[in-house]
Amino acid sequence: MMGEVNITSLYSTASQQAVVSGKQNIIFEDLNMDSLASMELCIAIELELGVSIVPEQLSQLSCLDGLTHEIQNLLP
Amino acid sequence: MIKLYNRLLSRCQTINQVNAVHIALANKLTVSELYKLYQQLRLRLKFFRYFKFFHSYKIKLKLHGLSEIEKLIALINKSGKKVPEPFIRHRVKRAIQLFSTFGSKKEKTLIIAFAGNAQRLMMPISVFLQHISAHKYDVLLLKDRSKNGFQNGLPGIADDFESLMAEINSLIDKSEYKSVISLGTSAGGLAAIWTALSLQLDKGISIGGCGPSHPTWQQTRNNASEDLTKLFHQSSTSNLLYVCGDGYERDISSARDLSNAIQTQTLTVFSATENMNIKHNVLIPIVKEAMLTCFLDIILDPPIIEYANKPLGNSKLWIKCML
């Protein structure tokens, strides 16, 4: 099971690497994303990966792990 | 306006692309422009709203766009004002806009506003403008697309923050206004405080900004906290305010960090009800409680008298202000 990271520790390179490598998870509630941030995240995912996830779908995913699985399912 | 809007939307093929257009519009349009667009769009899409089986995907995207504009109008209407504030947008330079009625400035306060990383003052610009009086305020809005707290200056204007402050000083004539203050939200917060001290403004306000120990400021200076303390002692400006929500530890720490370097008042917003946590975006809950006009009246006019817990109008929100 992935460990969970304290969001403020993401400033450290080690934590960032752990998240990118999949060893640590991020809980979305800890990010305190408002509706604008959710929209911008969905826009960035669509621009970078060509995968369309809308903010309503994002609100049903609780963590980064869930989001990456959803993106993998939608990738051609 | 409607032609430009339709042209922008005609290129959109997904909900996210429509959202991107609306985010950009929300960061730019004045209240009058937004109302005009809304009226024209509502008229054009009236038929499709009632006859849903005629919806092509393109029509669905347009209806989604209309619903986003309606959400914006709902926030604007929280001001309780029957007419739009008559601000006109003027491009001063790239990334600097002036919102003004362009009448006499003698009775006005100029707000030099530093937007956060989302290129806004914690809300669409039209919402902010509708909650202040166009006859009392002009707003000079600066946006940093590099999202580095204005430390890189602004492209085509200044290469670093110090040069940017010099450029701002050359753009404004303080003697033309009754008073000049600076206000910054989030990533623009400390820039506002620093500018108030450097340019000897009447007040500096940071809403959810970082403290001088933040990496963004430490990376461009040997010791940002010491520099800020020195600047404070050299400056004639002493009216400095930090605003944050009581439910966001990072901003509370930033308030402490700032107070350790210079003398600031800290105004905390909290809710009287348990299920409402005031976090980083402290202004939107205030808008939703229809209290933003009242709140801005308190923080924009210097000085604030210290007080313990006090309700914000008759809303669920309370404020306390301490040195």
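These questions and answers cover how terms apply to a predicted model of chains A and B.

In this predicted model, local features need pLDDT of at least 70, side-chain atom pairs count only at pLDDT 80 or more, and totals for chains, interfaces and linings use all residues. Residues are numbered from 1 along each chain as its sequence is written, chains are lettered from A and ligands numbered from 1 in the order in which they are written, and side-chain values use heavy atoms, with hydrogens and water left out.

Q: What makes residues of chain B count as in contact with chain A?
A: Contact means heavy atoms within 4.5 Å. By that rule, 15 residues of chain B are in contact with 14 residues of chain A.

Q: Why is an area quoted for the interface, and what is the area between chain B and chain A?
A: The size of an interface is often given as the accessible area lost when the parts come together. Buried area is the accessible area (1.4 Å probe) that two parts lose on being put together, summed over both. Here the area is about 1,200 Å². Carbon and sulfur atoms give 57% of it. In chain B, B:Asn16, B:Ile23 and B:Arg250 lose the most area to chain A. Together they make up 40% of what that side buries.

Q: Which element gives the largest share of the side of chain B that touches chain A?
A: Helix 2 (residues 15–26) of chain B, with six residues. Helices (H or I, at least four residues) and strands (E, at least two) are DSSP runs, numbered from the N terminus.

Q: How many salt bridges does the rule find across the interface of chain B and chain A?
A: Zero. The rule asks for a side-chain nitrogen of Lys or Arg within 4 Å of a carboxyl oxygen of Asp or Glu.

Q: What makes the pair of B:Phe114 and B:Phe150 edge-to-face?
A: Rings of Phe, Tyr and Trp (its six-membered ring) pair if their centres lie within 6.5 Å; planes under 30 degrees apart count as stacked, over 60 as edge-to-face and the rest as tilted. B:Phe114 and B:Phe150 lie 5.1 Å apart centre to centre, with 90 degrees between the planes. So the pair is edge-to-face.

Q: Why does the pair of B:Phe114 and B:Phe150 tie together separate parts of chain B?
A: B:Phe114 lies in strand 3 (residues 109–114), and B:Phe150 lies in the loop between strand 4 (137–142) and helix 6 (161–171), so the pair joins parts that are 36 residues apart in sequence.

Q: Why is the pair of B:Trp194 and B:Trp217 called stacked?
A: The centres are 4.9 Å apart and the planes differ by 20 degrees. Both values meet the cut-offs, so the pair counts as stacked. B:Trp194 is in helix 7 (residues 189–198) and B:Trp217 in helix 8 (residues 215–218), 23 residues apart. Ring pairs link B:Phe161, B:Trp194 and B:Trp217 into a cluster.

Q: How do you know that B:Trp194 is buried?
A: Buried means under 20% relative accessible area, exposed over 50%, partly exposed in between (1.4 Å probe, protein chains only). B:Trp194 has 4%, so it is buried. B:Trp217, at 0%, is buried too.

Q: Is B:Lys147 buried, exposed or partly exposed, and why?
A: Its relative accessibility is 47%, so B:Lys147 counts as partly exposed. B:Lys147 sits in the loop between strand 4 and helix 6 of chain B.

Q: Why is B:Ser126 called buried?
A: B:Ser126 has a relative accessible area of 1%, so it is buried. This residue lies in helix 5 (residues 125–130) of chain B. Leaving aside neighbours within four places in sequence, its contacts include B:Ala26, B:Leu29 and B:Ile76.
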